[in-house]
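User: I am new to this structure and would love a close look at a single part of it. Could you pick one helix and walk me through what surrounds it?

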Amino acid sequence: MTTLATLTNDVQKYTTYDDADFVAMIPTFIRNTEETVFMTVQAPFFRAASTGNMTQGNPYLTLPDGFLAASSISIETAEGWKFLLNKDVEYIREVYPDASDEGEPFAYAQFDADPDNTVVIIGPTPDASYTTQLNFFEKPRSLVDEPTGTWLSNNAYKCLLYGTLVESSNYLKRVAGIDNMGDTYGQEFLVGLQGLKNLGESRDRKDTYRSGEKRKAEVA
């Protein structure tokens, strides 16, 4: 297990800088790096699943905390599980303009009602209470919050380390006027990101039911 303490110690060794204000900023460097990874790489190891219910007459479905993007939404019908089509909000509004017209859901679109209430809009409006399965990409907990180790720190430590060093280099150059190999760290971080993209979007992608998921050729 690669811990928060290990990463913090390695950052101090690489930068040879242990000013108290700098050390206090290391958790921020880590969070920024993790966010860059999560927003850049689409991979099964950042997936989660959530079961809930659609409410009859309600065309909106509230999304769980940590939601970044939907992979699929399915409902349980008398014939079995049915996957809804992912469409634009404009499609839902045009094809199902009257929210009072109910039917078996066919499609969905991500719809942000407000910053604190992320939802999807369903078309047509559900005519019953359907058990729902949401598969989605989530923002995993940070190493700062799980100091004993995370998937990223345990399986892609080089990427996390060099990304954190890039963040620390930007800070040192701005605050202390120190230029400590930021470009080199950046190149190594990009190599690590590409490795994760190869793993998540090529090597670990055998087939997918929906073509909406990102797929790419592996890069050497």
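Analyst: Happy to! One term first: a residue is called buried if its relative accessible area is under 20%, exposed if that area is over 50%, and partly exposed in between. Please also keep in mind that this is a predicted model.

Let's take helix H2, which covers residues 20-40. The helix has 21 residues, and the distance from its first C-alpha to its last is 31 Å, close to the 30 Å expected at 1.5 Å a residue. Even so, H2 has a kink of about 35 degrees at Ile26, shortly before the proline Pro27. At the start of the helix, Asp19 has a side-chain oxygen that comes to within 3.0 Å of the backbone nitrogen of Asp21.

Now for the buried side of the story. Phe22, Ile26, Phe29, Ile30, Thr33, Glu34, Val37 and Phe38 are the residues of H2 to look for, as they are buried. Ile26, where the kink lies, is thus one of the buried residues too.

What does the helix meet elsewhere in the chain? A good place to look is Ser142, in the loop between E10 and helix H4 (151-155). Leaving aside neighbours within four places in sequence, Ser142 is in contact with Ile30, Arg31, Glu34 and Thr150. Among these partners, Ile30 and Glu34 are on the list of buried residues in H2. Ser142 has a relative accessible area of 7%, so Ser142 is buried as well. A polar atom of the Ser142 side chain also lies 3.0 Å from the backbone nitrogen of Val144.

The loop after E10 offers a second link to the helix. Glu35 and Lys139 form a salt bridge through their side chains, with an N to O distance of 3.8 Å. This pair joins distant parts of the chain, since Glu35 sits in helix H2 while Lys139 sits in the loop between E10 and H4, 104 residues apart. Glu35 counts as partly exposed because its relative accessible area is 36%. Lys139 has 40% relative accessibility, so Lys139 is partly exposed too.

Next to Ser142 in the numbering, you will find another salt bridge: the side chains of Arg141 and Glu146 meet at 2.6 Å, N to O. Arg141 is exposed because its relative accessible area is 53%, whereas Glu146, at 32%, is partly exposed. In total, the structure holds five salt bridges.

Finally, let's step back from the loop to the strand before it. E10 covers residues 131-138 and runs antiparallel to strand E1 (residues 47-53), with seven bridges joining the two. Strand E3 (residues 67-77) also pairs with E10 in the antiparallel sense, again over seven bridges. Asn135 is a handy residue for seeing both pairings: Ala49 stands opposite Asn135, and Asn135 is also the bridge partner of Ser72.

To trace the whole picture on your screen, begin at the kink at Ile26, move along H2 to Ile30 and Glu34, which contact Ser142, and then find Glu35 with its salt-bridge partner Lys139. From there, E10 leads you to its antiparallel neighbours E1 and E3.

Technical notes:
Residues numbered from 1 in each chain as written. Predicted model: local features only at pLDDT ≥ 70, side-chain atom pairs only at ≥ 80, totals over all residues. Heavy atoms only, no water. Helix = DSSP H or I, 4+ residues; strand = E, 2+ residues; numbered from the N terminus. Expected span 1.5 Å × (residues − 1). Bend = angle between axes of the 7 residues up to and from the residue. Buried < 20%, exposed > 50% of the residue type's maximum accessible area, 1.4 Å probe, protein only. Polar contact = N/O pair within 3.5 Å; in protein donor to acceptor, adjacent residues only side chain to side chain. Pairing = 2+ DSSP bridges. Contact = heavy atoms within 4.5 Å. Salt bridge = Lys/Arg side-chain N within 4 Å of Asp/Glu carboxyl O.
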